[in-house]
Amino acid sequence: MRSFQFHPNELLLIYYDPSTSTSKQTRAYARSVSNNVNELNLSTVKLTTTLWKEIVNRLDLRPKDLLDKSNANYQAKVRGNTFTMTGWLEVLCNNPYLLKAPIAVYHDRAILCRKPTDILRLDVNSRGSFKVPPHLRPRVVN
């Protein structure tokens with residue numbers, strides 16, 4: 001298991017199956033809007049409940065909202081159960097294949113990318129989100 005931190009100038013992309021068309025297209029959009037993309041494939045990396053809680057808070061959604069309710073495993077294992085917040089986070093940790101869509105995180109915002117173009121709502125390239133270091137700013141000569 002790998003530990004990581006949210007880096008302020010990095011676009012974090014979380015997905016389960018990289019072979020789905022939504023994941024492929026979202027990954028392509030992510031690389032087109034940012035040079036610093038950190039991809040987390042949940043089939044190889046397991047997130048902790050603490051990290052899931054951080055992501056859910058940034059999304060401003062409930063953990064239950066991230067799950068694909070049409071999945072047969074959801075129907076068999078999760079449907080009809082009442083969980084606490086910690087319980088739902090455990091469901092996410094132990095069943096990442098139930099994730100409905102890729103998640104993109106940038107700065108203090110996150111987006112559930114139901115459509116690949118949803119990642120554009122993060123405004124990664126907006127003027128306020130990109131700061132030029134002083135040594136790279138053009139000099140103004142009077």
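**Close-ups of a predicted model**

**View 1. Asparagine 95, in the loop that runs between H4 and E3.** This is a predicted model, and here we zoom in on one loop residue. Asparagine 95 has a relative accessible area of 13%, so it counts as buried, the limit being under 20%. Its side chain has a polar partner: the side chain of tyrosine 97, at 3.0 Å.

**View 2. Helix H4 and what it packs against.** Look along H4 and you'll find Gly87, Trp88, Leu89, Val91, Leu92 and Cys93 buried. The buried residues of this helix pack against H2 and H3.

**View 3. The largest nonpolar core, with 27 residues.** The members that touch the most others are Ile14, Leu47, Trp52, Leu66 and Ile103. Two or more residues apiece come from strand E1 (11-15), helices H2 (49-59), H3 (72-78) and H4 (85-94), and strands E3 (103-106) and E4 (109-112). A separate core of twelve residues lies apart from this one, and includes Ala104, Ile111, Cys113 and Val124.

**View 4. Tryptophan 52 and its contacts.** Skip the neighbours within four places in sequence, and tryptophan 52 is in contact with Leu42, Leu47, Leu66, Leu89, Leu92, Cys93, Leu99 and Ile103. H4 shows up again here, since Leu89, Leu92 and Cys93 are among its buried residues.

**View 5. Two buried cysteines, Cys93 and Cys113.** Cysteine 93 comes in at 8% relative accessible area, while cysteine 113 sits at 0%. Don't go hunting for a sulfur bridge: a search of the whole structure turns up zero disulfides.

How values were computed: Residues are numbered from 1 along each chain as its sequence is written. This is a predicted model: local features need pLDDT of at least 70, side-chain atom pairs count only at pLDDT 80 or more; totals for chains, interfaces and linings use all residues. Side-chain values use heavy atoms; hydrogens and water are left out. A nonpolar core is a set of buried Ala, Val, Leu, Ile, Met, Phe, Trp, Tyr and Cys residues joined through side-chain atoms within 4.5 Å. Buried means under 20% relative accessible area, exposed over 50%, partly exposed in between (1.4 Å probe, protein chains only). Helices (H or I, at least four residues) and strands (E, at least two) are DSSP runs, numbered from the N terminus. Contact means heavy atoms within 4.5 Å. A disulfide is a pair of cysteine sulfur atoms within 2.5 Å. A polar contact is a pair of N or O atoms within 3.5 Å; within protein, one must be able to donate a hydrogen and the other to accept it, and residues adjacent in sequence count only if both atoms are side-chain atoms.
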